[in-house]
Amino acid sequence: MEIKKEQAEKTLYDYQLEDLNTIFKQLEESPNGSNLLYQLPTGGGKTVVFSEIAKRYIRETQKKVVVLTHRIELSSQTSKMLKGFGVKNKIINSDVKELIDQDEYMCFVAMVETLNNRLQEEKVEIKNIGLVIIDEAHYNSFRKLFKYFKHSTILGVTATPLSSNIKLPMKDNYQKLIMGESISNLIEKKFLARANMYNRDVSLKTLKLGIHGDYTVKSSDELYGNLSMQSKLLGSYEEIAKGTKTLIFNNGINTSKYVYETFKKAGYKIRHLDNKNTASERKEILKWFSNTPDAILTSVSILTTGFDEPSVETIILNRATKSLTLYFQMIGRGSRVLPNKEEFTVIDLGNNVARFGMWDAPMDWKEIFHFPDFFLENIRNDEDIERDFVYEMPQELKDKFSNSVTLDFDVKEEYKKVFAQGLKSKTVLERSIEQHAQICVENSEDIFDARILAKQLKEEISYRVRLYSYCIMNNTKNYKEWLEEDYERKLRSRISKKFASKM
């Protein structure tokens, strides 16, 4: 079944053809009832590849193909793609109660739940199935259908061969992993856009983990809905991505609505989308987003699969996640290339890059597939990430302190000095306050200007306080909040004294 290049020149790229040959070789060598898994990054064209697989498989074996998806939009998109490849197919949706016309089709596209219900009711029985293709195979809802296809070959397709449920590893259901091109190679070959990554220091201490191993919506709403996080989000957008087509991912509907209000108040073109929107509302919002050059769309995770808008220029992760799959899916929404788009921007407000590494960094998927527990156990925890985070003052803010020779103050070094001199540990904060007061006074004409500048040091103050609390091994939330308030009060007082002595 070697696939000749000229046969598929119109629709397939070289790397996709290479993968097709590998997959078909495995299909030929594997006995019926084998389960194979194919990995290709988001944006690499998985639907294109498996549509061609379905077409060739039907032609070569005269057996039927079933394609399983987990979302209704994916079913219609997949059906359309298959038709584009000349594969006549029927969608088995909730309207289909039985398959009277099944002999007219060699290919069926079905949603997991619908097909499972029909098979359980024994209303539907598809004869002569040789191949079952599972899209987004890392979801566990597909497992319940495996028992109906014991004599068929199953081909799972995913960008991330890591199960969405840590208790149900993928290696239990698939015997072999076939790996496609890496993200970095696809960028190199100009099939994916290059990501410019920016991350903001965020304390995630208040987030709680739910039973599925990711952060709860309730704790995320509390953190990301608060005023300081909203202003951090707006500030990051204005500093890095202003005027670009932007997609903002949130973990809760409430957060997304707060984001909508915040940006609308600031005068930006923004819409909010969640799974409570009707199909027609969703269609209208996505059309608006597609046609508006500087549009901002804030949503919950419903746009992570099956959504394709190549003109997206900026992705903002306004949430933290412990899901590697979700991390890749969110960023992947901005990675499509266009003739005038070779790169895109990612702003991370959830320490996700520190947790999982850069989006385009090499991933040993075989290792992750075979030893998922080892991978998951070694994901960095939030406290370690925070401990290692280094605050960098934004250039825009640095420019406001141009009269000062240096803006640096090393809390850890200062603590070592203070400790060696036998002084009280609070001396570190006193020296830090002195240095902050000094640079505020040096760059202001009067006390009011200096106090305005001091207010803009809030993030750096928070960072210094946190480092200090690690040094003295007391980093409880309440203590740090009290220290920050005390620091800001003393800084205002110190600025007043410096101006008084000038007079």
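Three cavities of 30 Å³ or more are enclosed in this predicted model, and open pockets can be explored alongside them. Let's start with the enclosed spaces.

The largest cavity holds about 70 Å³ of space. Around it sit Lys426, Leu429, Glu430, Ile433, Leu483, Asp486, Tyr487 and Lys490. Helix 17 (427–442) and helix 20 (477–502) are the elements that each give two or more residues to this lining, and helix 20 gives the most, with 4 residues. By class, the lining of the largest cavity divides into 4 nonpolar, no polar and 4 charged residues.

The second largest cavity, with a volume of about 50 Å³, is lined by Ala137, Tyr139, Asn140, Phe142, Arg143, Phe146, Met170, Asn173 and Tyr174. Here the lining has 6 nonpolar, 2 polar and 1 charged residues.

Now for the pockets, with their linings by class:

| Pocket | Nonpolar | Polar | Charged |
|---|---|---|---|
| Largest pocket | 16 residues | 11 residues | 23 residues |
| Second largest pocket | 12 residues | 15 residues | 6 residues |

About 1,700 Å³ of space lies in the largest pocket. If you want to find its centre, look for Asp201, Ser228, Lys232, Lys458 and Glu459, the closest to it of the 50 lining residues. Helix 7 (227–241) is one of the elements supplying at least two residues of this lining, as are strand 8 (194–199) and helix 19 (458–471). The largest share, 10 residues, comes from helix 7.

The second largest pocket contains about 1,100 Å³ of space. Of its 33 lining residues, Ser164, His212, Gly213, Asp214 and Ser323 lie nearest the centre. Helix 10 (324–332) and helix 13 (372–377) are the elements giving two or more residues to this lining, and helix 10 provides the largest share, 4 residues.

Technical notes:
Residues numbered from 1 in each chain as written. Predicted model: local features only at pLDDT ≥ 70, side-chain atom pairs only at ≥ 80, totals over all residues. Heavy atoms only, no water. 1 Å grid on protein atoms, 1.4 Å probe; cavity = no way out; pocket = protein on both sides within 12 Å on 5 of 7 lines; lining within 4 Å. Points joined across faces, edges and corners; volume = space filled by probe spheres on them. Nonpolar A, V, L, I, M, F, W, Y, C, P; charged D, E, K, R; others polar.
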